[in-house]
Amino acid sequence: DYMLEQGELTRERLRTFRPGICNRLDRNTEGLVVAGKTIFGLQTMSELFRARNLDKYYLCVVKGQIEQPILGYLVKDDAKNQVTITNGPQGDPIETEYRPIAATKAGTLLEVKLITGKSHQIRAHLASVGHPIAGDMKYGDADYNRMMKERFGVRHQMLIAYRMVFPELPE
């Protein structure tokens, strides 16, 4: 509707092309979502996401202090819409980069960069190494979530997609 109101799209054009979303976020994750306004833009952005040619960064608050690297393998249970992280070779290898921004004994604010980007990767990965995201009801720690709700009013998972870095594209 916005594009129609602004004259960027006509009803005639809508018969052959619909603007669309190029990426998705896990339920209850907030942040950036990219949409294509033209067929060229939609195809270009969709290909960047598919080929993993752009960098996606998230901010999250996790239980405890993080010091060790986070590596593992992800196995998805489609029936339960839940993933498990293992140390062994079963599943898809995953990699998550992180940078602590601030920390207390109770928690760490992290900047997370997805290298592989599988469903629930950040949430399950951090929980598997003992650092679940505050407010995460699926992979989180019930006692930690309760404390975060009582002390800080946290009512949803503290995970937000906040930055994307795009590659230089030819003109």
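A polar contact is taken here as a pair of N or O atoms within 3.5 Å, where, within protein, one atom must be able to donate a hydrogen and the other to accept it, and where residues adjacent in sequence count only if both atoms are side-chain atoms. One such pair involves T108, since a polar atom of its side chain lies 2.6 Å from the backbone oxygen of G64. The model is a predicted one, in which local features need pLDDT of at least 70 and side-chain atom pairs count only at pLDDT 80 or more, while totals for chains, interfaces and linings use all residues. Residues are numbered from 1 along each chain as its sequence is written, and side-chain values use heavy atoms, with hydrogens and water left out.

The protein chain holds five helices and nine strands, helices being DSSP runs of H or I with at least four residues and strands runs of E with at least two, numbered from the N terminus. Along the sequence these elements follow the pattern α-α-β-β-β-α-β-β-β-β-β-α-α-β. Taken along the principal axes, the C-alpha atoms fill a box of roughly 55 × 40 × 35 Å. Of the contacts in the protein chain with a separation of 6 or more, 58% are between residues 24 or more positions apart, a contact meaning heavy atoms within 4.5 Å. Of the 171 residues, 36% are buried, where buried means under 20% relative accessible area, exposed over 50% and partly exposed in between, computed with a 1.4 Å probe on protein chains only.

T108 itself belongs to strand 8, and it counts as buried because its relative accessibility is 1%. Beyond its neighbours within four places in sequence, T108 is in contact with C60, V61, V62, G64, Q65, I66, P100, A102 and A103.

Strand 8 (107-114) also takes part in the packing of helix 5, whose buried residues pack against this strand and against strand 4 (55-63). In helix 5, which spans residues 142-152, the residues Y144, N145 and M148 are buried. They lie on the same side of helix 5 because they cover an arc of only 100° around the axis, the arc being that of the directions from the helix axis to the C-beta atoms. The face turned away from this buried side carries the exposed residues A142, D143 and E150. At the N-terminal end of helix 5, D141 acts as a cap, with a side-chain oxygen 3.1 Å from the backbone nitrogen of D143. After the helix comes G153, whose phi is positive, near 75°.

Helix 4 (residues 121-128) is mostly covered, with six of its eight residues buried. The buried residues of helix 4 are Q121, I122, R123, A124, H125 and L126. G130 follows helix 4 and has a positive phi, near 85°.

A loop position completes this path through the chain: L25 is found between strand 1 (20-21) and strand 2 (30-31). Although it sits in a loop, L25 is buried, with a relative accessible area of 18%. Leaving aside neighbours within four places in sequence, the residues in contact with L25 are E30, G31, L32, V33, Y58 and A161. By contrast, the C-alpha atoms of L25 and Y2, which are 23 residues apart along the chain, are separated by 23 Å.
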